[in-house]
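Student: Could you take me through one part of this model in close detail, and then set that part in the context of the chain around it?

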Amino acid sequence: MTAPLRWRVARLVQRRVETPTAQTLVLEVPDWPGHLPGQHVDVRLTAEDGYQAARSYSLAAPVADGPGGARIELTVQRVPDGEVSPYLIDVYPEGEPVEVRGPVGGWFVWRPEEIAPVLLVGGGSGVVPLMAMVRARRAAGSRAPFRLLYSVRTPADVLYADELRRRARDDFGLDVAYVYTREAPEGWRGEPHRIGLADVNSHGWPPDLEPLCYVCGPTGFVETVADLLVGLGHQTRRVKTERFGPTG
Amino acid sequence: MGIVSPGFQGRPRSAEPALPPGQYLTEDFPVLSAGPTPKVPLETWEFVISTETDAEFRWSWDELMALPQETPTMDIHCVTRWSKRDTDWQGVSLDVLLDGIDTAAHYAQAHSYGGYTTNLPLADLRGGRAWVAHTYDGGPLPAEHGGPARLLVPHLYFWKSAKWVRGIRLTTTDQPGFWETAGYHDYGDPWREQRYQGD
């Protein structure tokens, strides 16, 4: 039996605007026990009267050192009418505490000692735990070949756009491809469309290379992509999925 | 009480019956699963209960449908914090399926098409609290929600309600399942907020 996961006090030290509806919160958690890319944390808010609300958020990056101790990053997508995400994005002041608990989840994780090729398929904010894997790969000096296929509504909705452009150029062995579902950038070849067989086939790995596949996004997206991968001949045990429900 | 978050109000406090701690209501039916959705044809579907002495009891789809059916309406609680009220199901009570099976086992491990497993005390499958459910909201249970049939044990967190259930092994020792070996609680009582190991 492992020790209970306890609530820890975190403080907001930095906030980065990623898109008009998503921000990355950098939290300082001095006694953070460490985590693997793909894991998530629970964040708990408490109102003056003691009312509490908690939600899960994916960790977006490996743990970092700061002057006040360990730092973790969460990317929060605003859920319309949500209870927690609008607070974290619009109200939560820098320097103030919040409670976090984790890391949680031992299945949808990538371990830097893995050498198999990796296919990451993200839909919308489902890219967040996949970005944690991309970042951890580079941080660990891993040479596992990575392909990221990122489905997003419009160019303005791309999370980590500049960093992905830079990493696609500089991180040796990382390929990044996009599917735009509503509006494609200027000069894009092809029409906006939902992800399909041709996308997964051209930007994925052949099944005989036995890649590890990680699929994260809304339920319909994950169902579609996981079915395509199995249809293409990937072993179901090597297709790991994480579905985003409403987590307002 | 936790640390107060400056300016956090939260949703209006509800006069509705309380949810388990840390849960919020949803009108949707979110999906939690770890891999691709298995597609199981009804012609070859079967449900098997095996005992600690390797005795096996099997039901085909038609045989399951011929058993007495119940229509529980239950609140369900997912460990990812959503709860859904008054979900309508149809299925066969585990009391019916376990009736007449001779066992000294104290534990059960449910196993699924696709390889998923989850464990629970055998006592939690008895007493009108657990079903093999094949119908949701008046229609066939959709595959992404566990169809053709899933275990339904709504008094525990919903990962215990194994989707695509194929059978139950009755064992004398507790055999942790898929999420239980990945850090989630062995029992998973939502009212005691047993989410993760050690809770």
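Tutor: The expected span of a helix is taken as 1.5 Å times one less than its number of residues. This is a predicted model, and the part to examine with that rule is helix α5 of chain A, which comprises residues 219–231. Its 13 residues should span 18 Å at 1.5 Å a residue, and because its end C-alpha atoms are 18 Å apart, the expectation and the model agree.

The surroundings of this helix can be described residue by residue. Within α5(A), the buried positions are T219(A), F221(A), V222(A), E223(A), T224(A), V225(A), A226(A), L228(A) and L229(A), where a residue counts as buried if 20 or more other C-beta atoms lie within 10 Å of its own. The cover over these buried residues includes four strands of chain A, namely β8 (118–123), β9 (146–152), β11 (212–218) and β12 (239–244), together with the helix α4 (197–203). After α5(A) comes G233(A), which has a positive phi near 110 degrees.

The chain that holds this helix has 5 helices and 12 strands. Its radius of gyration is 18 Å, close to the 18 Å that the globule rule gives for 248 residues, so chain A is as compact as a globular protein of that length. Its C-alpha trace spans about 55 × 40 × 30 Å along the principal axes, and 46% of its 248 residues count as buried. Among the contacts in chain A with a separation of 6 or more, 72% are between residues 24 or more positions apart.

Elsewhere in chain A, an unreviewed UniProt entry annotates residues 5–110 as "domain: FAD-binding FR-type". That span is 7% helix and 50% strand, and its end C-alpha atoms lie 21 Å apart.

Chain A also touches chain B, in a contact that takes 46 residues from chain A and 36 residues from chain B. On the chain B side, these residues divide into 14 nonpolar, 16 polar and 6 charged.

For a strand to set beside the helix, consider β6 of chain B (residues 107–112), which is largely enclosed by the rest of the structure because 5 of its 6 residues are buried. β6(B) runs antiparallel to β7(B) (residues 117–121), to which 5 bridges join it, with A110(B) opposite T118(B). In the hairpin that these two strands form, 4 residues lie between the strands, and G114(B) takes a positive phi near 100 degrees. A further 6 bridges join β6(B) to the antiparallel strand β11(B) (residues 165–171), where R169(B) is the bridge partner of Q109(B).

Key:
Residues numbered from 1 in each chain as written. Chains lettered and ligands numbered in written order. Predicted model: local features only at pLDDT ≥ 70, side-chain atom pairs only at ≥ 80, totals over all residues. Buried ≥ 20, exposed ≤ 12 C-beta atoms within 10 Å, placed from the backbone. Pairing = 2+ DSSP bridges. UniProt positions renumbered as here; feature names shortened; annotations may be inferred. Rg over C-alpha atoms; globule rule 2.2 N^0.38 Å. Contact = placed C-beta atoms within 7 Å. Nonpolar A, V, L, I, M, F, W, Y, C, P; charged D, E, K, R; others polar.
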